[in-house]
Amino acid sequence: MTIAIDEDRLSETFAALANSTRRAILARLAEGAATVNELAEPFEMRLPAVSKHIKVLERAGLVVRGQRAQYRPCALDATPLEAISTWAEQYRPVWETRFDRMDDYLTQLQGPRRAKRTR
Amino acid sequence: MTDNDGSRDAVVIERSFDAPVGLIWQMWTDPHHFKAWYGPNGATVPVAKMDVRVGGTRLVCMEMQTPDGAMQMWFTGEYREVVENQRLVYTESMSDENGNVLSPSDIGMPDGHPVTTEVSVELEDIDGRTKMVMTHAGIPGESPGAAGWAMALDKLAAYAGAHSER
C-alpha cells in the first residue's frame, strides 16, 4: 500500500508541533478562532513572540488568518494533521494481524483455559 | 475510544485477550514469546534482544523470504517506561544489525514516515482476562516529551474528524 505524502510538508508539520507553546495555541484554536491578543493572554510572553509562533503555524498550514484588517483572527486548519495520520494508518493492518497471531499463540500456550471459561 | 476515531496521528488498537496480564506482559518483554507472534505474515523474527528497563535498548530483526533470497530488516529503540504488567513504552527506529539508526527512505519505507516512532502498551486485568491498548505514534525529532505532543494531537485530530465535512 502506498500513499503519496508531501514529505517536506510533513516535516514542517512535525516541526511546528514540536513546541509546547505552539501546541497550546493549536489546542486553544481547536475550541474556536481567536485573535493574537486572545492567544497571547495565557502565556507570559510578549505579542511579537506569540506572533512568531503563529507565523510558524501559518507556514506549516496549521493556522489560517482572517482578512479583517484590525483583528485578523486565527483559525485552525487541521488538514496537515490528516496527512500525519496516513503513515500511521498503514501500520494498522500489520498490528491487527500480529495481535491475531498473539491470540492464537496464547491459545496454544494455555490450552484448555479458554474452553473452560465462558466469554 | 474505538479503533477508528480520534488519534488519527497514531494507530490505536484495543484488544481483549483471554489470558492473565502477566502472560501478555511476557508477550512483549520475553524474546521467546515475542518472536512467536511479532513477525508480520511471511516473516520470522530471528533476533530479539531486549534490555527491558528504562533506558535499556532493544534490537529486533525481521526476516522475510523474497524471490531474491532472505531480506532482513532491523529495528532498534529504547525503553522509556517499564511498569511490569501495566505499562510499557519503547521507541522504534529502523537500523542496521548493529543498532545504527537509518533514515526510513534509505530502506524504501514510505515518504513521511517519522524516523522514530513510539509504541506504548497499556495492560489492564479484567477478571483474569486482559485488556490491552497499543498505541503506535510518530515522534517529532526535536521533542523530548512525546506524551504532551500526543495529547495535543489527539485533541486536534478529534477536531479534524469533527470538521472534515467542511
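## The sheet of chain B

Thr66(B) has Gly69(B) in β4(B) as its bridge partner, in a model that is predicted. This pair belongs to the contact between strand β3 (residues 57-66) of chain B and β4(B), which run antiparallel and are joined by ten bridges. Strand β4 (residues 69-83) of chain B is also joined to strand β5 (residues 87-95) of chain B, here by seven bridges and again in antiparallel fashion, with Glu81(B) standing opposite Val89(B) in β5(B). The two strands β4(B) and β5(B) make a hairpin with three residues between them, and Asn85(B) in the turn has a positive phi of about 65°. On β5(B), a further seven bridges lead to strand β6 (residues 116-126) of chain B, which runs antiparallel to β5(B); in this pairing Glu92(B) stands opposite Thr117(B) in β6(B).

Taken together, these pairings are part of an open sheet of seven strands in chain B, in the order β1-β7-β6-β5-β4-β3-β2 and with antiparallel pairing. Because β1 (10-17) and β2 (43-50) of chain B stand at the edges and each has a single partner strand, one side of each is left without a neighbour in the sheet. On average, neighbouring strands of this sheet are turned by 20° against each other, direction ignored.

## Helices packed on the sheet

Helix α6 (residues 92-110) of chain A packs on the sheet, where it touches β1 and β7 (129-138) of chain B, and its direction makes about 15° with that of β1(B). Helix α1 (residues 21-29) of chain B packs on the sheet as well, touching β1, β2, β5, β6 and β7 of chain B, with a direction that makes about 165° with that of β6(B).

## Chain B as a whole

The secondary structure of chain B amounts to three helices and seven strands, and from the N terminus on these elements run β-α-α-β-β-β-β-β-β-α. Of the 166 residues in chain B, 28% are buried. When contacts in chain B between residues at least 6 apart in sequence are considered, 40% of them join residues at least 24 apart.

## Helix α4 of chain A

Helix α4 (residues 47-59) of chain A has 13 residues, which at 1.5 Å a residue should span 18 Å, and the end C-alpha atoms are 18 Å apart, so the expected and modelled spans agree. Within α4(A), the residues His53(A), Ile54(A) and Leu57(A) are buried. Seen down the helix axis, the buried residues of α4(A) fall within an arc of 100°, and they therefore line one face of the helix. An α-helix has 3.6 residues a turn, so residues three or four places apart point the same way. On the other side of α4(A), Pro48(A), Lys55(A) and Arg59(A) are exposed. The helix α4(A) is followed by Gly61(A), whose phi is positive, near 80°.

## Nonpolar cores

The largest nonpolar core has 17 residues, and those with the most contacts inside it are Ile25(A), Leu26(A), Leu29(A), Leu57(A), Leu62(A), Val63(A) and Leu76(A). Two or more residues are given to this core by each of α1 (7-17), α2 (20-29), α3 (36-40), α4 and β2 (74-76) of chain A. Leaving aside its neighbours within four places in sequence, Leu57(A) is in contact with Ala16(A), Arg22(A), Ile25(A), Leu26(A), Leu62(A) and Val63(A). Apart from the largest core lies another, of 16 residues, which includes Ile24(B), Trp25(B), Trp28(B) and Tyr90(B).

Technical notes: Residues numbered from 1 in each chain as written. Chains lettered and ligands numbered in written order. Predicted model: local features only at pLDDT ≥ 70, side-chain atom pairs only at ≥ 80, totals over all residues. Helix = DSSP H or I, 4+ residues; strand = E, 2+ residues; numbered from the N terminus. Expected span 1.5 Å × (residues − 1). Buried ≥ 20, exposed ≤ 12 C-beta atoms within 10 Å, placed from the backbone. Arc of directions from axis to C-beta. Contact = placed C-beta atoms within 7 Å. Pairing = 2+ DSSP bridges. Axes fitted to C-alpha atoms, helices over the stretch in contact; angles between N-to-C directions. Core = buried A, V, L, I, M, F, W, Y, C linked by C-beta atoms within 7 Å.
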